[in-house]
Amino acid sequence: MNYDGSRDLYDRALSVMPGGVNSSVRATQPYPFFVQKGDGGHVIDADGNRYIDFVMGYGPLLLGHDLPESVQSAVQRRASEGPMYGAPTEVEVELAEFLARHVPSVEMVRFVNSGTEATVSAVRLARGYTGRDKIVIMEGSYHGAQESTLVEGKRDETAPSSPGIPESFAEHTVTVPFNDEDAAREVFEEHGEDIAAVLTEPILGNHGIVHPVEGYHETLRELTAEHGALLIFDEVITGFRVGGLQCAQGTFGVEPDITTFGKIVGGGFPVGAIGGKSEIIEQFTPAGDVFQSGTFSGHPVTMAAGLETLRYAAENDVYEHVNRLGEELRSGIADILEDQAPNYTVVGTDSMFKVIFTREGAFGDGHCEGGCTQNPSCPRYEHCPKNGADVDRAETERWERLFWPAMKEQGVFLTPNQFESQFVSAAHTEADIEEALEAYKEAL
Ligand SMILES: *Cc1c(COP(=O)(O)O)cnc(C)c1O
């Protein structure tokens, strides 16, 4: 493949944007390809190279790059009627009603402009509602570029993971390993009275894709309820992807107090949302005292795109399609691993998928069908990653430096490191899956 056009663009970008990009993960080695346009389940770069796209904007594009007619026309109509007003519009109410109707724990919603803004506001809301400062998050988890969750370290020995964040911010953040019930119990024994909330993704989607073990979320639900703390599910990735319209909380049958949304709920435009029981969400200003506000919040173009995307998904067999192709990919990859890399682990569920380059555990005796779901009777159970640290111990360098470029050379665009989830969209076809599996066969 020829990448001259992308290289020239990157040359210009490096002069005017730090690292040449506007989001750090995009700065792939040696330089990223610049996208000219999307086409269904594909993207085409500045040099005309075509890739099967499993990045899908890092999650928002449930329907792929060609928006259905209903989404296109709603977006265009909104844009042509003046993009935004600083006064409420009907479409915000409609999207909020849609969320309240479909997501089990949601009665009310506040819309914002990014997943980061949603988790920032959710943490402030939990602190305001409980009158407590501490939050508990999972080691290695990602909740956007926010001060309270950019921490490293274990339990209450945490420090900011980036310069520019005062040490004192991290003092209020406690970490536990995902899937470790005892660790969660211990931090509640020690800090129970000071904990405002536990904040977790229902399935870690930014750190390898890690599925919860049976009973883990129930334990978090019990612990938080017992100690007067809130349970916050960050469904920015899993929302309207895992479990379809009921989201991951519906699949797991656990109701959080607060849910954060982003990505899919804006239909490809900048979005975030905080949802939950009225009693809690009404603490936001102007109904309550916890300050929350935004010039672009509830942006009509975004609201229309989100609403029409979700309506389209509700009325067509979108979830059936993406979940079936996801399953085909995961089982197809598992078959390839059995022959070529038996220690690696296929992870993911519904339309999320990834291969974790784990170092131990053989396929010989069988494996979870269609991706690791932490099934205790699976022969690989002891070896499949249970938390962020387990994923960190995988062959992350090999993934990034050898495997990812080899897939790109074959025209398959994956998220460029071991950690971020990949996504199947409604625009992908059986042929795309077959072609992708051939590429995995070559690259692994
Ligand atoms: C993407 C993501 C965020 C941040 O959302 P942005 O829109 O990038 O700010 C927060 N939480 C999770 C789980 C995410 O995947």
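**Strands, helix 6 and K263**

Biologist: Which residues of strand 11 are buried on the opposite side from T259 and F261?

Modeller: Both faces of strand 11 are covered, and T259 and F261 are buried on one of them. Strands and helices are DSSP runs numbered from the N terminus (strands: E, at least two residues; helices: H or I, at least four), and buried means under 20% relative accessible area, exposed over 50% and partly exposed in between (1.4 Å probe, protein chains only). This is a predicted model in which local features need pLDDT of at least 70 and side-chain atom pairs count only at pLDDT 80 or more, while totals for chains, interfaces and linings use all residues. Buried on the other side of strand 11 are I258, T260 and G262.

Biologist: Before we continue, how are residues numbered, and which atoms do side-chain values use?

Modeller: Residues are numbered from 1 along each chain as its sequence is written, and side-chain values, which leave out hydrogens and water, use heavy atoms.

Biologist: Why is strand 11 described as largely enclosed, and how many of its residues are buried?

Modeller: Strand 11 consists of residues 258–262. The strand is largely enclosed by the rest of the structure because the buried residues number five of the five.

Biologist: Which residue of strand 12 stands opposite I258?

Modeller: Two strands count as paired if DSSP finds at least two bridges between them. Strand 10 (residues 230–234) is parallel to strand 11 over three bridges, and there I232 has I258 as its bridge partner. Strand 12 (residues 272–276) pairs with strand 11 in the antiparallel sense over five bridges. Opposite I258 in strand 12 stands G276.

Biologist: Where in the chain is K263, and which residues does K263 contact beyond four places in sequence?

Modeller: The UniProt record, in an unreviewed entry, lists K263 for "modified residue: N6-(pyridoxal phosphate)lysine"; such annotations may be inferred rather than shown by experiment. K263 is partly exposed, with a relative accessible area of 22%. Its place is the loop between strand 11 and strand 12. Leaving aside neighbours within four places in sequence, the residues in contact with K263 (heavy atoms within 4.5 Å) are Y58, G59, P60, V236, I237, G268 and V271.

Biologist: On which arc around the axis of helix 6 do the buried residues lie?

Modeller: In helix 6 (residues 181–191), the buried residues are A183, A184, V187, F188 and H191. These residues lie on the same side of helix 6, because the arc they cover around the axis, taken from the directions from the helix axis to the C-beta atoms, is only 135 degrees.

Biologist: Which residues are exposed on the other side of helix 6, and what covers the buried ones?

Modeller: On the other side, E189 and E190 are exposed. The cover of the buried residues includes strand 5 (134–138), strand 8 (173–176), strand 9 (195–200) and helix 7 (216–226).

Biologist: What is the strand order of the open sheet of three strands?

Modeller: Strand 13 (345–347) and strand 16 (422–423) are the edge strands of this sheet, each pairing on one side only. Three bridges join strand 13 to strand 14, and two join strand 14 (residues 352–356) to strand 16. The pairing is antiparallel, in the order 13-14-16.

Biologist: Which residue of strand 14 does T345 stand opposite?

Modeller: Five of the five residues of strand 14 are buried, with M352, K354 and I356 on one side and F353 and V355 on the other. M352 stands opposite F423 in strand 16. T345 stands opposite I356.
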